[in-house]
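Trainee: I am new to this structure, and I would like to go through its ligand sites with you, one step at a time.

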Amino acid sequence: MTLPSKAKIVEVGPRDGLQNETTDVGTAIKVELIDRLVRAGVKCIEATAFVSAKWVPQMADNAQVMAAVQRLPGVAYPVLVPNMKGFEAALDAGAKEVAVFAAASEAFSQRNINCSVAESLERFRPVVAAARRNRVKVRGYVSCALGCPYQGEVVPGAVAELAHALFEMGCYEISLGDTIGVGTPGKTRDMIEAVARRVPLKKLAGHFHDTYGMAIANIYASLEMGIAVFDASVAGLGGCPYAAGASGNVATEDVVYLLQGLGIDIGIDLAMLIETGAWITEKLGRQNASKVARALSAKAAAQSAGS
Ligand code: HMG
Ligand code: MG
């Protein structure tokens, strides 16, 4: 099996990560986090979410974050939007890329965005149309692609159906989310195989949470199938507020280590990324969930103690 020669990371720490952290780090730290990630070489960073502050208070400063981030050419700063209200606010804030998010599980859709899957698609249709008029790119998420915290099993056919609907609507890429991190490589392969019958593989991305420690294995399985875009969160921050017990996304440091080890080019400076992860976990007062960051930091500490 030939692996892709290039891959892309979509850093979701400032959104998927911080949306579920209990410590509110404040707008200035969020902005500095994004700037540091850019300096480490990350080219796509999901910056915030234009969702209801009643539902996710951690993202209430969305417009302030967008106003303060120094946006560099060649770097994308997508934001999450659930409906037209969110899209209009994102547009006002100068967003050039948005992401809509649906779930392959009815129960999760109700808990997360308070509507059925079909209703969510109807909400996204005008968003995608307005985005096209305003030259804003739209990415689509399919949550619960490998299991649902409320419903349990999710069949690959349901994921494929929804991914196809989002792609047909005009999403340029579909990110397949293992929201609660229950997937295994075999399940990942079956799901991707089903989706790839409806959406070209080159238009798919993997979004793996690491609750069961399977994310890196699932990414490897996805790479073997030809997927080359992966969402990840520096230091493995976060989780999902509507998926109790779900841990954060796979740590970006771990994905970079994997890809670099496979000789896959991603243009990210691992040392700078590790420094950023250490900095944000200190601000949050939490442990760094990246095994690579922990191992390399321990090695560096041992070396400096011995010298
Ligand atoms: P609702 O209560 O059904 O909305 O929530 P509504 O249309 O009835 O409006 C109720 C109130 O919300 C109104 O305000 C609206 O103006 C306001 P009020 O009159 O009560 O003062 N409102 C908004 N405010 C700000 N921004 C908006 C917006 N829309 C309405 N966009 C809604 C529906 C979708 C708004 C709500 O359920 C919501 O915000 N949900 C977001 C949940 C969320 O952000 N979850 C986490 C992200 S998804 C995720 O993490 C998974 C992912 O990472 C992939 C994976 O891991 O699988 C992407
Ligand atoms: Mg997620």
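The questions and answers below concern the two ligands of this predicted model.

Trainee: Which residues come nearest to ligand 1?

Mentor: There are 27 residues around ligand 1, and by kind they divide into eleven nonpolar, eleven polar and five charged. Of these 27 residues, the ones that come nearest are N83, N112, N114, S143 and T179.

Trainee: How much of the area that ligand 1 exposes when taken alone does the protein bury?

Mentor: Polar contacts include one between a backbone N or O atom of S52 and an oxygen atom of ligand 1, at 2.9 Å. A nitrogen atom of ligand 1 also lies 2.8 Å from an N or O atom in the side chain of N112. Taken alone, ligand 1 exposes 1,100 Å², and the part of this that the protein buries is 74%.

Trainee: Which protein residues are the donors of the magnesium ion, ligand 2?

Mentor: The donor residues follow the spacing D-x190-H-x1-H in sequence, and their donor atoms lie 2.1 to 2.3 Å from the ion. The protein donors are D16 through OD, H207 through NE2 and H209 through NE2.

Trainee: Is D16 buried or exposed?

Mentor: D16 lies in helix α1 and H207 in strand β7, so this pair ties together parts that are 191 residues apart in sequence. A residue counts as buried under 20% relative accessible area; H207, with 4%, is buried. Because the relative accessibility of D16 is 3%, D16 counts as buried.

Conventions:
Residues numbered from 1 in each chain as written. Chains lettered and ligands numbered in written order. Predicted model: local features only at pLDDT ≥ 70, side-chain atom pairs only at ≥ 80, totals over all residues. Heavy atoms only, no water. Near = heavy atom within 4 Å. Polar contact = N/O pair within 3.5 Å; in protein donor to acceptor, adjacent residues only side chain to side chain. Areas by Shrake-Rupley, 256 points an atom, 1.4 Å probe, with all protein chains shown as cover. Nonpolar A, V, L, I, M, F, W, Y, C, P; charged D, E, K, R; others polar. Donors = N, O, S within 2.8 Å, 3.2 Å for Na, K, Ca; no water. Helix = DSSP H or I, 4+ residues; strand = E, 2+ residues; numbered from the N terminus. Buried < 20%, exposed > 50% of the residue type's maximum accessible area, 1.4 Å probe, protein only.
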